[in-house]
Amino acid sequence: MHLRWMAENGIHTAALQRFNPFGAEGPTRDAVAGRVRSAAERTGVKYYVMYDVSDWHEMRSQITQDWATKMSAHTGSSAYARQNGKPVVGIWGFGFDDPQRPFSPQECQEVVDWFKGQGCYVMGGVPTWWRTEGDDSRDGFAGVYRSFDMISPWLVGRIGNVAGADDFYGRATVPDLAECTRLGIDYQPCVLPGDLQERQRAHGDFMWRQFYNHARAGVASAYISMFDEYNEGNQIAKTAATAGDVPAGSGIWALDEDGTACSSDYYLRLTNDGGRMLRGELPVTASRPTRPQP
C-alpha cells in the first residue's frame, strides 16, 4: 500500500531505513526489505537501503558485513535505485553531536570509503549544520561529510513555521548548495510537512514554503521527512481528515486542526506538486497550487 500510494502521487524513490540488523529486529527488517523490493518492482517505484547508525554499537564492523552478505543482493532488482550508474546506499547519522552516534571520524570515513570501494553511490544523512560543524555537528567531521556523493542535512525539529523555513533558506540552503556545487557533491535537503501534533502544518503552507525556497535556490530534489512516521507527527501518508476519524480521547489531531478541511491524501498530493516544481514541470511559485481538498 505504501509503495502504491507513492506511485500514485509521483514520489519516485523510497529510502528503506535499516537500523541495527544484528539486534532483535533483524529478522523483521530482513523480511520487510524483501517486501519492499517486491512492491517496488510491482509499482515502478525505486528504493534503496538507508542505514541508520543510531545506537548501533558495533556499526563499524557490522554495517559492511550486512551489506556484503545480505543487502547488496537487492541491487540486482530492477527497482533498486542507481545514480551515475551506481547502486545507492544511504548512511544516516555520522557526525551528530549526541551519545546515540559516538563514532569517531576515522571509523566513519572508513565506512564511507568501503562502500565507495564497492562501487556504491553513498548518500549521507548529516547534521543540519554540517558545513560549519556547529550546533548539532561534532568537530572533526568536515572531511567525512565532504566524502559523500550526496549530502542530505537533517531538518526535523529545527524549523516549525514559514519564518523558520525562510531563515533556513538564507543560513543553510543557499550556502550549502554553493558548497556542494563547488565540491561536485549532490545536495538533497529535507522538506517537512510539519509536526501535526504540534500544529505546525498551516494546511500545507509550511511545507510549500520549503518547496518554494528549495526551488528558487536551484535545488534539484528533496528528501521528505517522513513518509510514514505517524508517531512523530511528520507523516505525509494518508492521515485522519477530521476529528471524527480518530479515537475519542486519543489526543491525536486530524488534518483539519486549524479549521481548514483537508483530504486524507492532501500531503501526498502536495508532495507531488512540490516535486514537479523542483523538476521544472510547474513554475516556481510561492503560492501553493495544491488545494487542501481535490
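Biologist: At what angle do the axes of helix α6 (residues 162-183) and helix α7 (residues 205-217) cross?

Modeller: At roughly 25°, and those axes come within 10 Å. An axis here is a line fitted to C-alpha atoms, for helices over the stretch in contact, and angles run from 0 to 180 degrees between N-to-C directions. Before we go on: this is a predicted model, where local features need pLDDT of at least 70, side-chain atom pairs count only at pLDDT 80 or more, and totals for chains, interfaces and linings use all residues. Residues are numbered from 1 along each chain as its sequence is written, and side-chain values use heavy atoms, leaving out hydrogens and water.

Biologist: Fine. What makes something a helix, and where do names like α6 come from?

Modeller: Helices (H or I, at least four residues) and strands (E, at least two) are DSSP runs, numbered from the N terminus.

Biologist: So why are α6 and α7 called roughly parallel?

Modeller: Angles under 35 degrees count as roughly parallel, over 145 as roughly antiparallel, 65 to 115 as roughly perpendicular and the rest as oblique. The α6 and α7 axes cross at roughly 25°, which is under 35 degrees, so the two helices are roughly parallel to each other.

Biologist: Which residues of α6 make the contact with α7?

Modeller: On the α6 side, V162, A165, D166, Y169, T173, V174 and L177. From α7 come D205, F206, R209, Q210, N213, H214, R216 and A217. Contact means heavy atoms within 4.5 Å.

Biologist: T173 is on that list. How do you know whether T173 is buried or exposed?

Modeller: Buried means under 20% relative accessible area, exposed over 50%, and partly exposed in between (1.4 Å probe, protein chains only). T173 has 0% relative accessibility, so T173 counts as buried. Not counting residues up to four places away in sequence, T173 touches F168, Y187, H214, A217 and V219.

Biologist: What about α7 and helix α8 (residues 266-278): what makes that pair parallel or antiparallel?

Modeller: They pack at an angle of about 10°, with axes 9 Å apart. That makes α7 roughly parallel to α8. M207, W208, F211, Y212, H214 and A215 in α7 meet α8 residues including Y267, L270 and T271.

Biologist: And how do helix α3 (residues 59-69) and helix α4 (residues 105-117) pack?

Modeller: At an angle of about 15°, with their axes 10 Å apart. Therefore α3 and α4 are roughly parallel to each other too.

Biologist: Which residues of α3 are buried?

Modeller: M59, Q62, I63, T64, D66 and W67. They pack against β1 (13-18), β2 (46-52), β4 (86-92) and α4.

Biologist: W67 is a Trp. Which aromatic cluster does W67 belong to?

Modeller: One formed by Y51, W56, W67, W114 and F115. The structure holds eleven aromatic pairs.

Biologist: What makes Y51 and W56 a pair, and is it stacked, tilted or edge-to-face?

Modeller: Rings of Phe, Tyr and Trp (its six-membered ring) pair if their centres lie within 6.5 Å; planes under 30 degrees apart count as stacked, over 60 as edge-to-face and the rest as tilted. The Y51 and W56 ring centres are 6.0 Å apart and the planes are at 40°, so this pair is tilted.

Biologist: Are those two buried or exposed?

Modeller: Y51 is buried, with a relative accessible area of 0%. W56, at 1% relative accessibility, counts as buried as well.
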